[in-house]
Amino acid sequence: MSINIAAFVSGGGTNLQALIDEIGKKNIDGKIQIILSSNEKAYALKRGEKHGIASIYIGKKNFPDINERNEKIIEILKEKNIDLIVLAGYMSILDEKLVKLYKNKIINIHPSLIPSFCGKGFYGKKVHEGVLEYGAKITGATVHFVDEGTDTGPVIMQKSVMVKEEDTVDSLAERVLKVEHEILPLAVQYFCEGRIKVEGRKVRIGGLKNETCTH
């Protein structure tokens, strides 16, 4: 049975595009039913429209009351019979009610190896700035389930990236983004195949032998 996916976005949507591409190649047994953006000018909305996917803005401008905004989001998700929410560069905090309603059904991508350089204040390029300032030799990307905390949910998949001496924030961000484009669609693929099992803080993925990612 095909999985109904909602993609939450706020920016350019390159991770969204990676998902769309893998679905188009039939590698993911799922369909993006709705793209929801917290930013009305997000280019990700245009990506969705280009591929014929319903794409809407729900944010502070059209729903200034946060409770009404959250209720509207939940209403849309129920309307679309959503099985999985993918945060593909979503820069807003999810409501606790939504997180509980979709427990272990919300996947996020973070541009570091959690639990390093994550949590409050670590988002976007601030993550890579932190890595370079600290002098870390390895960074990477993490796909994880979302819980009530910030970047604290069970880790599904990680992949590392070496930090080069000559790296700038932009060059490091670019290499990490390539890894994000690999592991986010892969995690969604495994979810859609029913291969992911959560046991406390540990995520087990069935049917894997030799993968390049650390699970």
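**Stop 1: the loop before α5.** Select Pro115. Pro115 sits in the loop between β5 and α5. Turn to the bond that leads into this residue: the peptide bond from Ile114 to Pro115 is cis, with omega near 15 degrees. Most peptide bonds are trans. Keep in mind throughout that this is a predicted model.

**Stop 2: another backbone detail.** Go to Lys26, in the loop between α1 and β2. Lys26 is not a glycine, yet its phi is positive, at about 70 degrees. Most residues other than glycine have a negative phi.

**Stop 3: the sheet.** Switch to cartoon and colour the strands. In what order do the 7 strands of the open sheet run? Read across: β3-β2-β1-β4-β5-β6-β7, with mixed pairing. Now select the edges, β3 (55-57) and β7 (155-162). Each has a single partner strand, so one side of each is left without a neighbour in the sheet. Look along the sheet for its twist, which averages 20 degrees from one strand to the next.

Zoom in on β1 (residues 3-9) and β4 (residues 84-87). These strands pair in the parallel sense, over 4 bridges. For a landmark, pick Ala6, which stands opposite Ile85 in β4.

Next, show helix α1 (residues 14-24), which packs on the sheet. α1 touches β1, β2 (30-37), β4 and β5 (106-110). Its direction makes about 160 degrees with that of β2.

Then show α6. This helix lies across β1, β2, β4, β5, β6 (138-145) and β7. Against β7, α6 runs at about 155 degrees.

**Stop 4: α1 against α6.** Hide the strands and keep both helices. The axes of α1 and α6 come within 9 Å and cross at roughly 45 degrees. That angle makes α1 oblique to α6. The crossing of α1 past α6 is right-handed. Which residues meet here? From α1, select Thr14, Asn15, Ala18, Leu19 and Glu22. From α6, select Leu177, Glu180, His181, Leu184, Pro185 and Val188. Colour this contact of α1 with α6 by class: 6 residues are nonpolar, 3 polar and 2 charged.

**Stop 5: α5 against α6.** Keep α6 (residues 169-192) and add α5 (residues 125-134). The two helices pack at an angle of about 115 degrees, and their axes are 9 Å apart. α5 and α6 are therefore roughly perpendicular to each other. Here too, the crossing of α5 past α6 is right-handed. On the α5 side, select Lys125, His128, Glu129, Val131 and Leu132. On the α6 side, select Val169, Asp170, Leu172, Ala173 and Val176. By class, the contact of α5 with α6 has 6 nonpolar residues, 1 polar and 3 charged.

**Stop 6: an aromatic pair.** How many aromatic pairs does a search of the whole structure find? The search returns 3. Display one of them as sticks: Phe8 with Tyr90. Their ring centres are 5.1 Å apart and their planes stand at 65 degrees, so the pair is edge-to-face. Angles over 60 degrees count as edge-to-face. Now zoom out to place the partners. Phe8 lies in strand β1, whereas Tyr90 lies in the loop between β4 and α4 (96-101), so the pair ties together parts that are 82 residues apart in sequence.

How values were computed. Residues numbered from 1 in each chain as written. Predicted model: local features only at pLDDT ≥ 70, side-chain atom pairs only at ≥ 80, totals over all residues. Heavy atoms only, no water. Axes fitted to C-alpha atoms, helices over the stretch in contact; angles between N-to-C directions. Parallel < 35°, antiparallel > 145°, perpendicular 65-115°, else oblique. Left-handed = near helix turned anticlockwise from the far one by under 90°. Contact = heavy atoms within 4.5 Å. Nonpolar A, V, L, I, M, F, W, Y, C, P; charged D, E, K, R; others polar. Pairing = 2+ DSSP bridges. Phe/Tyr/Trp six-rings, centres within 6.5 Å; stacked < 30°, edge-to-face > 60°.
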